[in-house]
Amino acid sequence: MQFDQLKRRDFITLLGGAAAAWPLAARAQQSDRLRRIGVLAVFEIDDPQGQALIKSLRGGLEQRGLIEGRNISMEIRYAGTNLARLPALAAELIHQGDVEVIVTHGTPPVQAAQRASNVLPIVFATIGDPVGAGIVTSLARPGGNVTGLRLIATDLGAKRLEILKETLPRLNCVAMLWNPNNASLALQFKETQAAAQVLGLQFQSLPATTLDDFEPSIKAAANARCDAVISTSDTIQISQRAKIVATAIRHGLPVIGEFREIADAGAILSYGPNRADMWRRAAEYVDKILKGTKAGDLPVEQPTRFDLVINVKTAKALGLPIPPTLLARADEVIE
């Protein structure tokens with residue numbers, strides 16, 4: 001009898017110990033599982049500048065202990081310039097990729113992801129004006145399931161025009177190539193237009209919503225005797241930067257833009273946020289969300305690093321001398 005009681009007591013003790021150990025094992029198994037991160041990219045898979053941004057995101061994740069193949073996996077979908085594919089790709093990430101958070105960039109892909117799910121956290125590495133586009137309620141309290149980093153900083157359009165005027169002292173007319181269907185560009189357009197008026201410059205709007213609009217729009221700027229073309233952060237323009245620059249140069253017009261990629265493509269200069277830095281900083285949002293913070297509780301951040309890149313090679317080809325004082329201030333000079 002005592003032997004039976006002893007066996008029963010040992011069994012209960014063993015069972016209790018197993019029950020206590022099970023949650024610990026379950027938690028360990030849960031913490032070791034791969035966390036799936038989706039990336040919705042609006043560039044081609046073979047775009048080196050685009051892959052550099054993905055690399056920056058990976059680097060930011062690794063700094064926070066999130067290492068691909070060890071504790072995270074990345075599901076990447078490339079839309080290229082075909083924005084019509086965005087809804088299907090966003091839905092694919094959510095329903096087939098089984099991701100916990102989506103990282104993307106630009107207004108159209110963010111809106112596509114938002115329409116695909118109003119629950120899954122979405123982080124924009126770069127975007128123009130998320131409030132104006134109706135993507136977030138406010139910068140301080142985004143609400144909903146979306147947050148990230150915005151491109152627009154106060155007076156950035158004015159600063160870019162001031163640099164252009166310093167580069168081209170006889171600057172009289174400037175044209176802006178922009179997409180009126182991109183809600184985030186409305187604020188950028190208005191700020192640049194107001195800055196042109198302050199500087200006493202003629203300002204011409206060049207609406208361009210498709211690839212076929214670039215040639216006639218730039219030709220219109222040349223016919224209007226404009227002195228330069230401003231390219232924007234519109235998704236299609238970024239992906240087609242080489243075509244835009246080549247078309248403008250063919251008409252004798254220098255191009256300026258926001259990101260160093262367009263200077264690499266032959267624009268005379270670029271001044272704006274460092275996109276690689278912003279993609280790296282987006283990893284912090286991902287890390288916090290995976291740890292349980294709601295996307296809508298994370299404030300939208302402003303850019304903190306701005307780069308001035310000057311393409312001397314293009315300037316020489318157009319017969320435009322760059323002032324030495326401007327060259328001295330450049331973060332990078334392309335010879």
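What pLDDT does the protein chain average, and what share of the residues score at least 70? Here are a few notes to help you find your way around.

1. Confidence overall. This is a predicted model, and the protein chain averages a pLDDT of 89. A score of at least 70 is reached by 90% of the residues.

2. Where to trust and where to pause. In the protein chain, confidence peaks in strand 5, at 98, and is lowest in helix 1 (residues 2-32), where the mean is 43. The pLDDT stays below 50 over residues 1-31, and this stretch has zero contacts in the model beyond near neighbours in sequence.

3. A pair of helices. Next, have a look at helix 3 (residues 86-95) and helix 4 (residues 107-116), whose axes come within 8 Å and cross at roughly 50°. That angle is neither under 35 degrees nor in the range 65 to 115, and the two helices are therefore oblique to each other. The crossing of helix 3 past helix 4 is right-handed.

4. What the pair is made of. On the helix 3 side, the contact uses Leu 86, Pro 87, Ala 90, Ala 91 and Ile 94; they meet Pro 108, Pro 109, Ala 112, Ala 113 and Ala 116 of helix 4. Sorted by kind, the residues of this contact are ten nonpolar, no polar and no charged.

5. An aspartate in a loop. Asp 129 sits in the loop between strand 4 (122-126) and strand 5 (146-148). Is Asp 129 buried or exposed? Its relative accessible area is 10%, so Asp 129 is buried. Leaving out residues up to four places away in sequence, Asp 129 touches Arg 150, Ile 152, Ser 184 and Leu 187.

Definitions and conventions
Residues numbered from 1 in each chain as written. Predicted model: local features only at pLDDT ≥ 70, side-chain atom pairs only at ≥ 80, totals over all residues. Heavy atoms only, no water. Axes fitted to C-alpha atoms, helices over the stretch in contact; angles between N-to-C directions. Helix = DSSP H or I, 4+ residues; strand = E, 2+ residues; numbered from the N terminus. Parallel < 35°, antiparallel > 145°, perpendicular 65-115°, else oblique. Left-handed = near helix turned anticlockwise from the far one by under 90°. Contact = heavy atoms within 4.5 Å. Nonpolar A, V, L, I, M, F, W, Y, C, P; charged D, E, K, R; others polar. Buried < 20%, exposed > 50% of the residue type's maximum accessible area, 1.4 Å probe, protein only. pLDDT = per-residue confidence, 0-100.
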